[in-house]
Amino acid sequence: MGLGFFNGKYIPLDEPVIPIEERGHQFGDGVYEMIRVYKGKPFKLNEHVERLFNSANAINLPLENDKSYFIDLILHTIKVSGLLECTVYLQITRGIATRNHIFPDVPVSISMTVKEITPLDPALYENGVNVIFHEDERWANCYIKSLNLLPNVLARQKANEKGCFEAILYRDEWVTEGSSSNVFIVKNGIVYTTPLSKRILEGVTRGVVIQICKKHDIHSIEKSFTKNQLLDADEVFITNTTGEIIPIVKVDNVKIGPGIPGKVTKRLHRLFIQEIMNEIG
Ligand code: PDD
């Protein structure tokens, strides 16, 4: 079940619509966003649209429409889909033009999918998941939510082949983020996450978790940590729009703490769900 959208038209998800000269297809020349919808309402929509504009701006992709246009477009598309528990992917590319690296003078392409979400197995939250460490082989501008995801795809595939849920990326021993998530550790009751820089994506979920910590007097620090510091942590968890807060219990087969999801992680997830309910109603 789901709905597609391409340049002004609603279409079935399986309808072929991307022209061969489309720059997203040819170059990965575009940016995207992913939004979670609960009970028919998108969570943190403004934050996602804000990030979409920051990403577009960072690749010199001029948008003719303002933020309210995209907010209305997303809300309308969710309504047309009729779905309540779903995800929205929205891509904007530099348009359709004869293949040439130089920017063409053509309108951008806007595509979207709305798809029913298959909720993650509750056992993942109860038992936690295993992950691997993987070298961060991406470019220098990971703060842009760019369509170029090849290194992320390769790292995640490696994790999958080892029966693991995610790949935790590192540069020179320093943890950056996951292939599609941000990483947190808890040590002596203090929550740490990698500070914002060009090396990581500013996760919307990450931002919500930091706000929750502030609101509930949970000490949190945006400070880099090494692979060894992560292994030595009491708790580790990852955050993203689809998974919310997922406890990590083993990295490369090494147990984190006692090898079960920690108290702080569980509490933060409960508070996160409350935050969703506060916003969605
Ligand atoms: N990805 N870091 C990377 C590299 C990501 O791809 C994502 C999310 C995050 C977490 O961001 P957020 O909390 O805003 O979802 C961090 C989404 C889930 C995706 O590409 O499908």
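In this predicted model, a residue is called buried when its relative accessible area is under 20%, exposed when it is over 50%, and partly exposed in between.

Q: Why is Glu135 called partly exposed?
A: Glu135 has a relative accessible area of 45%. Partly exposed covers the range between under 20% and over 50%, so Glu135 fits that label. You'll find Glu135 in strand β7, residues 129-135.

Q: What makes Glu135, Glu137, Asp172 and Glu173 a negative surface patch?
A: Asp and Glu count as negative, and like charges are joined within 9 Å if the residues have over 30% relative accessible area and no salt bridge. Those four residues form such a patch. Take Glu135: its 45% is set against the cut-off of over 30%.

Q: Why is Cys164 called buried?
A: Cys164 comes out at 13% relative accessibility, and buried means under 20%, so the label holds. Cys213 is buried too, with a relative accessible area of 1%.

Q: How do you know how many disulfides there are?
A: A disulfide needs a pair of cysteine sulfur atoms within 2.5 Å. By that rule, the count is zero.

Q: What makes the contact between Glu85 and Arg36 a salt bridge?
A: The N to O distance for these side chains is 3.2 Å. A salt bridge asks for a Lys or Arg side-chain nitrogen within 4 Å of a carboxyl oxygen of Asp or Glu, so this pair qualifies. Glu85 sits in the loop between α3 and β5 (86-93) and Arg36 in strand β3 (residues 30-38), so the pair ties together parts 49 residues apart in sequence.

Q: Are Glu85 and Arg36 buried, partly exposed or exposed, and how do you know?
A: Glu85 has a relative accessible area of 33%, so it is partly exposed. Arg36 has 10% relative accessibility, so it counts as buried.

Q: How do you know that Lys215 and Glu275 meet in a salt bridge?
A: Their N to O distance is 3.8 Å, and the cut-off is within 4 Å. The pair links distant parts of the chain, with Lys215 in helix α6 (residues 204-215) and Glu275 in helix α8 (residues 263-280), 60 residues apart. Lys215 is exposed at 58%, whereas Glu275 is buried at 15%. Both belong to a network of salt bridges with Lys44 and Glu279.

Q: Why is Asn60 called exposed?
A: Asn60 has a relative accessible area of 53%, and exposed means over 50%, so the name fits. Asn60 is in the loop between α2 (45-58) and α3 (67-81).

Technical notes: Residues are numbered from 1 along each chain as its sequence is written. This is a predicted model: local features need pLDDT of at least 70, side-chain atom pairs count only at pLDDT 80 or more; totals for chains, interfaces and linings use all residues. Side-chain values use heavy atoms; hydrogens and water are left out. Patches are made of residues with over 30% relative accessible area and no salt bridge: like charges are joined within 9 Å, nonpolar side chains (Val, Leu, Ile, Met, Phe, Trp, Tyr) within 5 Å. Accessible areas come from the Shrake-Rupley method with a 1.4 Å probe; for residues, only the protein chains shown count as cover. The place of a charge is taken as NZ of Lys, CZ of Arg, CG of Asp or CD of Glu. Helices (H or I, at least four residues) and strands (E, at least two) are DSSP runs, numbered from the N terminus. Buried means under 20% relative accessible area, exposed over 50%, partly exposed in between (1.4 Å probe, protein chains only).
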